[in-house]
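Thank you all for coming, and please have the picture open while I talk. I would like to walk slowly through the empty spaces, one helix pair and a few unusual backbone places.

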Amino acid sequence: MKKIIAAFDGLKYSESTSTYAVQIAKGVDAHLVGVFLDDPLYTSYKIYDLVANGGVSEKKLKRFDRIDANKRKKAAELFESVCDDAGINFSVHHDRGFALQDLIHESAYADLLIIDADETFGHHDEKQPTRFIRDVLADSHCPVMLVPHKYTDIEKVVLLYDGEPSAVYAIKMFSYLLPQFKNLKPHLLSIKMMNQSSKLPDNALMKEFMSRHFPKVDYKVIKGFADTEILKTLKSFGPNVLVVLGAYQRSGVSRWFHESMADTLLRETKLALFIAHQ
C-alpha cells in the first residue's frame, strides 16, 4: 500500500487539496495522511492586532490563540470527515515545528506529496510560484503533485519530455505511483528547434520504454520554442489536464538564475502538475 501525504494550512484549509488527495488515494488504494503544519510562529493575526494601551495585551493574545486553535481543529475534523465519507485509509499528523522543515522531513517517508500550488504559510498573497512552493519543489524527498486552488476532474495527462534524465524519471515515477491514469491515453509532448530532427530525443530507447509503461501513448513533437509551444499546446487541451515533468533540485544558488518549466506553468496556467526530481 502506498503512502500519500497531503499538506494543509489549518488556518486556510484547502478543500481542493483534500478533494484531489482523496480521489488520488482512492484510485490506488493508498493510505492518505493529512499533514497539518501548525507552525507556532504562523498565526492568523498580526502583532499590531494585540496592541492595547501602549503594549501587547495578554488577554487579546490568549483570545486570538484560542481562535486559531479552533480553526486548526475544525480543519482537521473536516479532512477526517471527507476521508470517512470516501471510505479510505487515513491518518492525521499535527506538525508543530517550522512548516517547511516539518513537511520536507515528512516527505522522506512518503511516496507522494500533494499540496495546493497557492500555499504560502504566511499572511500575504504571493505570485506563483510562491517561495514556500519553490522550496518544497527543490527539497522534497518524494514526487510532488501541485494542485490548483479550484478542483477539476483530471481527463487528460500530458508527459513533458526533453530528452533529459529528469524528464524520464518523472514519467517513470508517475507510472509507478498513479497507474490509474494510464487508461487516459496520455500525450507525450516534446519540443524541438526548427533546425532539429522531428524525432524524439533518444527515439528508440524512449519508445521502447514508453511501450512498456504507456502502451496507449500519443506522441506529439512540435517545432518551436519550448516555453511558447508547451503553453500553447496545454491551453488547447482545456483545464482538465495533469502535466508530468521533471524539475529543479537545489544546487547552491544556481536554481535562482535558471527558471524551471514548473515555474512557468505555475505562473501561466492553473493545471495540476506532477513533479519529480532525482
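What follows is a short tour of a predicted model, so please keep in mind that everything I describe is computed.

Let me begin with the empty space. Rolling a probe the size of a water molecule over the atoms shows where empty space is left. I will take the open spaces, the pockets, before the closed ones, the cavities.

The largest pocket holds about 490 Å³ of space, and 24 residues line this pocket, with Asp162, Glu164, Ser166, Gly246 and Met261 lying nearest its centre. Which elements supply at least two residues each to this lining? They are α5, at residues 165–177, β9, at 187–192, α7, at 226–237, and β11, at 241–246; of the elements, β9 gives the most, with four residues. If we sort the lining of the largest pocket by class, we find 13 nonpolar, eight polar and three charged residues.

The second largest pocket has about 240 Å³ of space, and among the 13 residues that line it, Thr120, Phe121, Glu126, Arg131 and Phe132 are the closest to its centre. Here the helices α3 (99–107) and α4 (131–139) each supply at least two residues, and α4 gives the most, with three. The classes in the lining of the second largest pocket are five nonpolar, four polar and four charged residues.

Now to the closed spaces. How many cavities of 30 Å³ or more are there? The count comes to two. The largest cavity has a volume of about 50 Å³, and the residues that line it include Ala117, Asp118, Gln128, Pro148, Lys270 and Leu271; by class, its lining divides into five nonpolar, three polar and two charged residues. The second largest cavity holds about 30 Å³, and among the residues of its lining are Tyr20, Pro148, Asp153, Asn240, Lys270 and Leu271, while the class count for this lining is seven nonpolar, two polar and two charged. If you compare the two lists, you will find Pro148, Lys270 and Leu271 in both of them.

Next, please turn to the helix pair. Two packed helices are described by the angle between their axes and the distance between the axes. For helix α1, residues 15–28, and helix α2, residues 58–86, the axes come within 11 Å and cross at roughly 30°. Angles under 35 degrees count as roughly parallel, and α1 and α2 are therefore roughly parallel to each other. Their crossing is right-handed. The contact is made by Glu15, Ser18, Val22 and Lys26 on the α1 side, and by Leu78, Phe79, Val82, Cys83 and Ala86 on the α2 side, which by class gives six nonpolar, one polar and two charged residues.

I will finish with the backbone. Most residues other than glycine have a negative phi, and most peptide bonds are trans. Against that background, the bond that joins Gln128 and Pro129 is a cis peptide bond, with omega about -5°, and Pro129 lies in the loop between β6, at 112–116, and α4. Where should we look for Asp29? Asp29, which has a positive phi of about 50° although it is not a glycine, is found in the loop between α1 and β2, the strand at 31–37. Asp202 likewise has a positive phi of about 50° without being a glycine, and its place is in the loop between β9 and α6, the helix at 203–213.

Note on methods: Residues numbered from 1 in each chain as written. Predicted model: local features only at pLDDT ≥ 70, side-chain atom pairs only at ≥ 80, totals over all residues. Heavy atoms only, no water. 1 Å grid on protein atoms, 1.4 Å probe; cavity = no way out; pocket = protein on both sides within 12 Å on 5 of 7 lines; lining within 4 Å. Points joined across faces, edges and corners; volume = space filled by probe spheres on them. Nonpolar A, V, L, I, M, F, W, Y, C, P; charged D, E, K, R; others polar. Axes fitted to C-alpha atoms, helices over the stretch in contact; angles between N-to-C directions. Parallel < 35°, antiparallel > 145°, perpendicular 65-115°, else oblique. Left-handed = near helix turned anticlockwise from the far one by under 90°. Contact = heavy atoms within 4.5 Å.
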